[in-house]
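Take a look at the structure below. This report walks through it part by part.

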Amino acid sequence: MTAAPNREEKTIAEHETLKYSLLGPSLTKSGQDNVDQNKVSEIIYNASKGSKYFNNEEARDKNLTQKIERILTKKRQLEKLDLASDRRKADEYIAELELSRDLSQVVVHIDCDAFYAAVEELDRPELKDVPFAVGGGVLTTCNYHARKFGCRSGMAGFVAKKLCPELIMLKLNFDKYTAKAQEVREIIVDYDPRFESASIDEAYLNITEYCRRNDIGPEEAVEQLRREVHEKTKITISAGIAANAKLAKICSNMNKPNGQFSLPRERNAIIAFMRDLPTRKVNGVGRVFERELDAIGVKTCGDIYQYRQYLAKLFGDKAFAFLMQCYLGLGRTTVQPAEEYERKSVGTESTFGEMGNPVELRDKLRATAEELEKDMVRTQFKGRTLCLKVKLHTFEVFTRQVIPPKAVYIAEDLYKYSVPMLSKLEQEFPGMKLRLMGLRCTHLVSMKKPDTMAFFGFKRKSTSDQPESESPSSDTAKRKADSLDNDGEGQWESWPDELLFEDAERQEREDEMQELETLSQEIDKRRHHGKEIVPNPKKGEEVEEEWWDCPICGRPQATSEREFNEHIDLCLSRQTIRDVVQETAESRSRDQTPVPKRAKMGTEKGREKGVPGDPKQRRLCFG
């Protein structure tokens, strides 16, 4: 008689973490502070109970619980050891990080308030005082009236209806949102022409130069920016002002909607601010990582220091470095157009109804390969590694990867090398049924023609047929020689380390959104809209730049007589250096014994020994 109740109590206890997980990826959204989250979690729990989605989430929660148990077991073992050395290394790393602290920059993160909903209100003013949301199967945006009921982005529509029966649901209108976003972008470009779009409705700016040039304080400048956006676009934005991008992102959520929060650019103020900040408030800490940190005792960023000797051994070096930066409130101060960041992967995936026929699966794989080829050609990359991602009808996700004998991008190659991975999955899961398939290329190699003259620091002349977004930045032009791949085809691509955790958290939210859409059976094929990289608007009217071509190297140069003459002198010197290096290499390949300098410079004696001069190289004589 007591066995059943005990089993039920155990299930209830196990599902406490599941209920928290079911709250969704947008729990930290503004407007949720006064919501009874326990009530919301109960409604979501009961509404989804028994579904495939619920069963998958339950399995994921159990797996995470088991992983946390392993982490705790390892932590108990570490507690028995002398970790003085690890503590000392952590302290040394903290001291090293402190040396990199930059308090000279003013970085701003702006976020449009309930953007899609705000745009819809412009056309339908009667919606301002009623709860409504934008989206189909999954809510993309809610106005603040709906948020009071616990509704938020990333929530299934039928669940939101249970929380707020009078909720009005509007269909998405991407063209409308894109046009309004462009209006905002054309304003913020005046404050920072190199602002960085984080999505369709948020951006990072570095206004240090703007404040200096206009003799204005950061807070006043941001107030002016927010006022200008509201006057011209009729929507409101919130902003965070801080010493780096990580802090600015956190601050922009402190005084929403239609507000701003400025964190003093002083070390003590930053340390105090981070000390009591929950780890989940940091961009890059998702629900999974939050639970893992919470399990070992790290609830706030201030707690990180106390456990510094364990972090690298429990979570790895990258997570350790990321957490140390969180504790210190450090982040990147570099803000640049999103299109200038080098890609780390190119991929495509699609969700569909349950599919198990082997022929249909291969047809889907071929179609996916063709879609990926289009993206690879558009972005001008090949991939050294090919990854296959599938989601079973049980919502379990599996990935497999292969390293082809050559970098690939053509659909036929993508299909050829991915079929064996699909076949192996079919052997592992007999009768396998899929509802998602994706292909992704990583370890990218650029297909763009290398700019050999970039090594010498020469400018590239822009052409009308080359889009601005494809023009190489000054950073990407200065490649290190050891970053070249063995074939000389291109370079390995990389991202700033800080963005790796942010991207991982973003992917976690994307996956959860997709699962919710599948649960609702209303899949939005344009779900990723707003994440695309769009070149920044040009500030003012473009003035065509005049160039002078160098008679030595043929590269365009600035129209300054002094600079032009200096360049020619430098170009001549470089030409001489290249001649000497080439001739030295030729002489070494011909004979290991030293050769007189005159013979190496291409004299008759040297040519008689079979060392022809290079007709492409200029011969310079100095009296």
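## Aromatic pairs

F115 and Y116 are both buried. In this predicted model, their rings form a tilted aromatic pair. The ring centres are 5.9 Å apart, and the planes make an angle of 50°. F115 and Y116 also belong to one aromatic cluster, together with F174 and Y177. The structure holds 10 aromatic pairs.

A second tilted pair joins Y191 and Y210. Here the centres are 4.6 Å apart, with 40° between the planes. Why does the pair tie together parts that are apart in sequence? Y191 lies in the loop between α8 (174–188) and β5 (196–199), while Y210 lies in helix α9 (residues 208–214), so the pair links parts that are 19 residues apart in sequence. Y191 and Y210 are both buried.

## Charges over rings

Rings also have charged partners here. The charged end of K75 sits over the ring of Y310, 5.3 Å from the centre of that ring. R332 has its charged end over the ring of Y204, and the distance to the ring centre is 5.2 Å.

## The five-stranded sheet

Now turn to the sheets. Strands of a sheet pair through backbone hydrogen bonds, in a parallel or an antiparallel way. One open sheet has 5 strands, in the order β5-β6-β1-β7-β8. Its pairing is mixed. Which strands are at the edges? The edge strands are β5 and β8 (260–262), and each of them pairs on one side only. Neighbouring strands of this sheet are turned by 15° against each other on average, direction ignored.

Look at the β5 end of the order. β5 and strand β6 (residues 202–206) run antiparallel and are joined by 3 bridges. One residue pair to find is S199 with its bridge partner E202 in β6. Helix α10 (residues 218–233) packs on this sheet. The helix touches β1 (107–112), β6, β7 (237–242) and β8. The direction of α10 makes about 165° with that of β7.

## The four-stranded sheet

Another open sheet has 4 strands, in the order β9-β12-β10-β11. The pairing in this sheet is antiparallel. At the edges are β9 (345–355) and β11 (397–402), each pairing on one side only. From one strand to the next, the twist averages 15°.

Strand β10 (residues 381–392) and β11 run antiparallel, joined by 6 bridges. Two residues help you line them up. K391 stands opposite V397 in β11, and C387 stands opposite Q401 in β11. β10 and β11 form a hairpin with 4 residues between the strands. In this hairpin, F395 takes a positive phi near 75°.

## Helices on the four-stranded sheet

Which strands does helix α16 touch? Helix α16 (residues 358–379) packs on the sheet and touches β9, β10 and β12 (434–446). The direction of α16 makes about 155° with that of β9. Helix α17 (residues 411–428) lies across β10, β11 and β12. This helix runs at about 30° to β10.

V419 is a residue to pick out in helix α17. Is V419 buried or exposed? Buried counts as under 20% relative accessible area. V419 has a value of 18%, so V419 is buried. V419 and R366 are 53 residues apart in sequence. In space, they are 9.0 Å apart, C-alpha to C-alpha.

## The whole chain

Step back to the full chain. There are 22 helices and 14 strands. The chain has 623 residues, and buried residues make up 47% of them. Contacts also reach across the sequence. Among contacts between residues at least 6 apart in sequence, 69% join residues at least 24 apart.

## How far to trust the model

The chain averages a pLDDT of 78. A score of at least 70 is reached by 71% of the residues. Where does pLDDT stay under 50? Residues 451–496 form one such stretch, and the model has 77 contacts for them beyond four places in sequence. Over residues 593–623, the pLDDT is also below 50. That stretch has 32 contacts in the model beyond near neighbours in sequence.

Read such stretches with care. Where pLDDT is low, the predicted coordinates should not be read in detail.

How values were computed:
Residues numbered from 1 in each chain as written. Predicted model: local features only at pLDDT ≥ 70, side-chain atom pairs only at ≥ 80, totals over all residues. Heavy atoms only, no water. Phe/Tyr/Trp six-rings, centres within 6.5 Å; stacked < 30°, edge-to-face > 60°. Buried < 20%, exposed > 50% of the residue type's maximum accessible area, 1.4 Å probe, protein only. Helix = DSSP H or I, 4+ residues; strand = E, 2+ residues; numbered from the N terminus. Lys NZ or Arg CZ within 6 Å of the ring centre and 35° of its normal. Pairing = 2+ DSSP bridges. Axes fitted to C-alpha atoms, helices over the stretch in contact; angles between N-to-C directions. Contact = heavy atoms within 4.5 Å. pLDDT = per-residue confidence, 0-100.
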